[in-house]
There are 2 protein chains.
Amino acid sequence: MIKKKQQLNPYISVDCVIFGFDSDRLKVLLIEREDHSLNTESTLALPGDLINNEENLNESANRVLKELTGLKNIYLKQIGAFGDLNRISKKDDKAWLQTVRTNPEARVITIAYYSLVKISDSNPKASSFATSAKWYNVEEIKALAFDHYDILRAALSQLRNEIIHQPVGFNLMPKMFTLGQLQKMYEAILNKKLDKRNFRRKILKLNILDATQEKETGVSHKPAQYFVFNKKNYNSLADTGFNNFGF
Amino acid sequence: MIKKKQQLNPYISVDCVIFGFDSDRLKVLLIEREDHSLNTESTLALPGDLINNEENLNESANRVLKELTGLKNIYLKQIGAFGDLNRISKKDDKAWLQTVRTNPEARVITIAYYSLVKISDSNPKASSFATSAKWYNVEEIKALAFDHYDILRAALSQLRNEIIHQPVGFNLMPKMFTLGQLQKMYEAILNKKLDKRNFRRKILKLNILDATQEKETGVSHKPAQYFVFNKKNYNSLADTGFNNFGF
DNA sequence: ATTATAGGTGTATATTTGACACTAAGTTAC
DNA sequence: GTAACTTAGTGTCAAATATACACCTATAAT
């Protein structure tokens with residue numbers, strides 16, 4: 001494929017809410033703005049960038065993801081467009097834009113995406129638009145730059161809605177996992193306790209989990225069996241719509 | 001409120017999928033492009049417009065709706081952003097843009113909304129961006145201008161998903177309606193037959209319908225009782241999430 | 001008076017949900 | 001090495017929900 005010259009579109013950006021799960025808590029990948037000009041405390045932000053005029057919106061989002069995590073072909077879903085006039089109203093945000101944008105006064109509308117990644121596969125690194133990228137506990141985030149906190153809440157709300165209708169959460173899990181870990185993931189996302197036996201009954205009935213012969217080692221309790229995700233069965237189920245699935 | 005001078009943003013538009021229900025079929029309000037320059041058959045399109053730089057996205061969508069239907073404060077929900085590079089690839093679309101846009105070559109990303117209106121309340125009329133506006137049967141639409149067919153399908157998919165989780169369909173009904181009409185609306189949206197007795201049991205259990213003393217007149221069968229929508233109960237239910245609702 | 005049409009109603013069965021308690025297999029602390 | 005600790009793993013019963021299904025009623029048209 002021949003690459004055309006890429007030209008930034010100064011009016012439209014993408015922002016990505018990248019979720020991960022560390023076998024205990026739901027995480028989100030945030031960047032820290034380097035703000036030499038101001039001595040304010042640094043504000044965290046969602047990774048994002050202006051789109052190029054020669055790429056589709058989801059290509060832009062994938063580009064941001066790739067640059068930041070090194071990952072391709074990961075679960076990615078559009079949340080929607082955020083374009084309120086006051087989304088760039090905070091003083092610090094304005095000042096920061098002055099330092100990184102050629103057209104800092106432009107009204108920018110952002111298209112938000114959320115994605116689910118296996119933390120173990122990812123390799124967060126600085127990139128053209130981020131001086132540092134780290135995983136944070138979602139529940140501890142109380143404020144973000146611009147309207148990014150709103151976007152994070154919208155992403156979380158959509159993820160919660162999605163995960164009770166189809167088991168997309170497997171995108172957050174390592175290749176092998178125990179049912180206990182999986183349940184913890186659901187509990188972290190939905191922010192509520194689930195009954196162990198009912199959880200197992202329900203998730204196993206879907207027939208998208210294959211038991212392996214391997215067990216946990218080195219844990220100070222009865223070792224749990226490892227399962228793997230059966231993508232084939234998932235796909236055929238996805239067609240029919242996961243009819244009686246939900247937590 | 002003081003009105004600022006409104007300036008069109010040439011890169012971002014809103015498009016509205018306006019659904020209605022005529023007590024038999026699901027309808028969508030489409031505009032016909034007047035295309036004097038070409039002798040091609042006219043193509044239908046979703047109503048939409050470039051946004052103004054001084055208005056929020058949903059204000060833009062409401063402006064389009066108001067101009068086209070005369071209605072304010074109607075149910076409106078964002079579907080998402082559509083910005084594929086080839087969304088303005090059809091020859092006729094390009095030619096038409098030449099006639100109505102000052103910057104016809106610009107890459108435009110559109111934010112799509114869908115709304116639910118009572119056909120009886122609406123008064124479709126030509127406006128700055130439409131030479132004619134009429135209701136069409138959703139199921140009969142096979143092609144639209146630009147990527148509007150994709151947007152319509154996305155809107156329908158979102159509406160179907162929404163209506164089985166919360167009874168937003170009341171926005172499509174007249175003030176008084178029969179349970180038969182309501183069931184027909186669900187059947188039209190979901191495109192499947194529902195069992196009459198089960199439907200009534202389910203919808204009445206929600207306690208958001210108040211029976212009136214009035215009945216149908218002039219129908220050649222047993223006249224049905226009219227119901228009205230109880231907004232107060234709906235709102236308190238909406239908070240708790242319509243837990244066991246679905247078709 | 002007959003016919004055609006949609007309204008209105010109840011029950012029985014199968015399926016799903018939700019609540020609940022003990023034993024098993026490992027590690028750690030003593 | 002044994003007691004304490006931790007999470008894994010398992011089944012049942014009751015309540016709620018979903019599904020399937022048939023007949024009489026009130027009106028207009030003929």
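Me: Which helices supply at least two residues each to the surface near DNA strand C?
Reply: That would be H5 of chain A together with H5 of chain B. Keep in mind that this is a predicted model.

Me: Ok, and which residues sit closest to strand C?
Reply: Of the 22 residues that surround DNA strand C, the closest are A:Arg201, A:Ser220, B:Arg200, B:His221 and B:Gln225.

Me: What does B:Gln225 touch there?
Reply: A polar backbone atom of B:Gln225 is 2.7 Å from a phosphate oxygen of DNA strand C.

Me: And what about the bases, which base atom does B:Ser220 meet?
Reply: B:Ser220 has a polar backbone atom 3.2 Å from a base oxygen of DNA strand C. B:Arg197 also has a base oxygen of that strand 3.5 Å away, this time from a polar side-chain atom.

Me: How many charged residues are in that surface?
Reply: There are 10 charged ones near DNA strand C, along with eight polar and four nonpolar.

Me: Switching to strand D. Which residues come nearest?
Reply: A:Lys196, A:His221, A:Gln225, B:Arg201 and B:Lys222, out of 22 residues around DNA strand D. Sugar and phosphate make up 41% of the strand D atoms that come within 4 Å of the protein.

Me: Which helix gives the largest share of the surface near strand D?
Reply: H5(B), with four residues.

Me: What part of strand D does A:Gln225 meet?
Reply: A phosphate oxygen, which lies 2.7 Å from a backbone N or O atom of A:Gln225. On the base side, a polar side-chain atom of B:Asn198 lies 3.2 Å from a base nitrogen of DNA strand D.

How values were computed
Residues are numbered from 1 along each chain as its sequence is written. Chains are lettered from A and ligands numbered from 1 in the order in which they are written. This is a predicted model: local features need pLDDT of at least 70, side-chain atom pairs count only at pLDDT 80 or more; totals for chains, interfaces and linings use all residues. Side-chain values use heavy atoms; hydrogens and water are left out. A residue is near a molecule or strand if one of its heavy atoms lies within 4 Å of it. A polar contact is a pair of N or O atoms within 3.5 Å; within protein, one must be able to donate a hydrogen and the other to accept it, and residues adjacent in sequence count only if both atoms are side-chain atoms. Ala, Val, Leu, Ile, Met, Phe, Trp, Tyr, Cys and Pro count as nonpolar, Asp, Glu, Lys and Arg as charged, and the others, Gly among them, as polar.
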